[in-house]
Amino acid sequence: MAPNGGMASGDGERENGRIAAMFDQLAPTYDATGVEFFGPIADGLVEVLAPGPRDRLLDVGCGRGAVLSRIAPLVEEAVGIDVSQRMVELARESLDGASNVRVEMGDAQRPDPELGAFDSVTASLVLFFLPDPVAALRAWRALLAAGGRCAISIFGRPGAGWQAVDEAFLPYLPSGMRDARAEGPLSPRSTDEQAEALLTAAGFTGVRTISRRLHTRFATVEQWEAFSWSTGQRAMWAAMPEADRPALRAAVAGLLRSSPHPDGGYVLSQDVRYLIGHT
């Protein structure tokens, strides 16, 4: 570990490569299973940020463009960066025709200063993947003009149903394997004050948190599984013996049946937290 609590540079580069490889693999189905999840979270981020029509905005870890597609009509220019080549390609395809949007390869931990100055920086469900969150936030702040803002989204407390589904994986995982987001100031268990302290440590002022409850509907158990494979949870599926997967599916099917949606299918709820800081 580095003295500031982040990873040493070599460890950080290896972690960056691992994340890039994971999201290259996820890209074809990421946010493409018919489940309304990343879009509503991006909607909340745009609403909380309330960008101005003359703003120049950077979206860090842009993925397939959930934030960019929503924010492009509201700002003068939007730039997205992502460490995954495949995500960049798919974001460019989805945003083709938006003349004020540019998507490039880029490292969320250390964005290129040549990108220029921005009025706003956004990062949706990104910061908890990075090896040194405070250093990343400092780098983002360095790209902001005077009076600029940074707005990020992270998870808050899951509802009982969602937590039970996540915990259903645990008996089938190799010893020691746990979701990287499960602990620390960016985990769903952290307090708002713990998460806000990271932005404050990076030099942001007026830091505040807005929480929203997200209700996610799955039409079938099969759609839930496709969604699960399309997220970072894919690593959990891959880590368990294939022979154990039917038992996990059966366990989750039972849990989903206990959370029916009034219009059919199933619903799982999750808090999403939006943190905003100013330069």
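**Close-up views of a predicted model**

**View 1. Strand β2, helix α4 (residues 85-94) and strand β3 form a β-α-β unit that is right-handed.** The model shown in this and the following views is predicted. Strands β2 and β3 (residues 101-105) run parallel and are joined by 5 bridges. Within this pairing, A78 stands opposite V101 of β3, while I81 has E104 as its bridge partner in β3.

**View 2. Strand β2 (residues 77-82) also pairs with strand β1 (residues 56-60), and these two strands run parallel.** The connection between β1 and β2 consists of 5 bridges, and in one of the pairings R56 has E77 of β2 as its bridge partner. Between the two strands the chain passes through helix α3 (residues 66-71), and this β-α-β crossover from β1 to β2 is right-handed. Strand β2 itself is mostly covered, with 5 of its 6 residues buried. R56, the residue paired with E77, also lies over the face of F118, at 4.2 Å from the ring centre.

**View 3. Aromatic residues, with the pair F23 and Y30 in detail.** Searching the whole structure yields 16 aromatic pairs. For F23 and Y30, the ring centres are 6.0 Å apart and the planes stand at 80 degrees, so this pair is classed as edge-to-face. Both F23 and Y30 are buried. The two residues belong to one aromatic cluster, which is formed by F23, Y30, F37, F38, F128, F129, F155, W162, F218 and F227.

**View 4. The largest nonpolar core and the surroundings of W140.** This core contains 87 residues, of which F37, L58, L137, W140 and I152 touch the most other members. Helix α2 (residues 38-49) supplies the largest share of the core, namely 7 residues. With residues up to four places away in sequence not counted, W140 touches V60, A108, P111, V121, A123, L127, L130, C150 and I152. I152 therefore appears both among the residues that touch the most other core members and among those touched by W140.

**View 5. The buried residues of helix α8 and the elements they pack against.** In α8, the buried residues are V221, Q223, W224, E225, F227 and S228. These buried residues pack against the helices α2, α6 (160-168), α9 and α10 (245-257), and against the strands β6 (205-218) and β7 (266-278). F227, one of the buried residues of α8, is also a member of the aromatic cluster that includes F23 and Y30.

**View 6. T231 in the loop between α8 (221-229) and α9 (234-239).** With a relative accessible area of 12%, T231 is buried, because the limit for that class is under 20%. When residues up to four places away in sequence are not counted, T231 touches L26 and F38. F38 is a member of the aromatic cluster.

**View 7. D31 and L125, two loop residues with positive phi values.** D31 is found in the loop between α1 (9-26) and α2, and its phi is near 55 degrees, a positive value in a residue other than glycine. The relative accessibility of D31 is 34%, so this residue counts as partly exposed. L125 is found in the loop between β4 (118-124) and α5 (133-142), and the phi of L125, a residue other than glycine, is likewise positive, near 55 degrees. L125, however, has a relative accessibility of 8% and counts as buried.

**View 8. L268 in strand β7 and the residues in contact with it.** L268 has a relative accessible area of 1% and is buried. Leaving aside neighbours within four places in sequence, the residues in contact with L268 are G161, W162, V165, L214, H215, T216, F218, L256 and S259. For one of these, L256, the C-alpha atom is separated from that of L268 by 8.0 Å, the two residues being 12 residues apart along the chain. W162 and F218, which are among the contacts of L268, also belong to the aromatic cluster.

Technical notes:
Residues are numbered from 1 along each chain as its sequence is written. This is a predicted model: local features need pLDDT of at least 70, side-chain atom pairs count only at pLDDT 80 or more; totals for chains, interfaces and linings use all residues. Side-chain values use heavy atoms; hydrogens and water are left out. Buried means under 20% relative accessible area, exposed over 50%, partly exposed in between (1.4 Å probe, protein chains only). Helices (H or I, at least four residues) and strands (E, at least two) are DSSP runs, numbered from the N terminus. Two strands pair if DSSP finds at least two bridges between them. A crossover is right-handed if, with the strands pointing away from the viewer, the path from the first strand over the helix to the second runs clockwise. Rings of Phe, Tyr and Trp (its six-membered ring) pair if their centres lie within 6.5 Å; planes under 30 degrees apart count as stacked, over 60 as edge-to-face and the rest as tilted. A charge sits over a ring if NZ of Lys or CZ of Arg is within 6 Å of the ring centre and within 35 degrees of the ring normal. Contact means heavy atoms within 4.5 Å. A nonpolar core is a set of buried Ala, Val, Leu, Ile, Met, Phe, Trp, Tyr and Cys residues joined through side-chain atoms within 4.5 Å.
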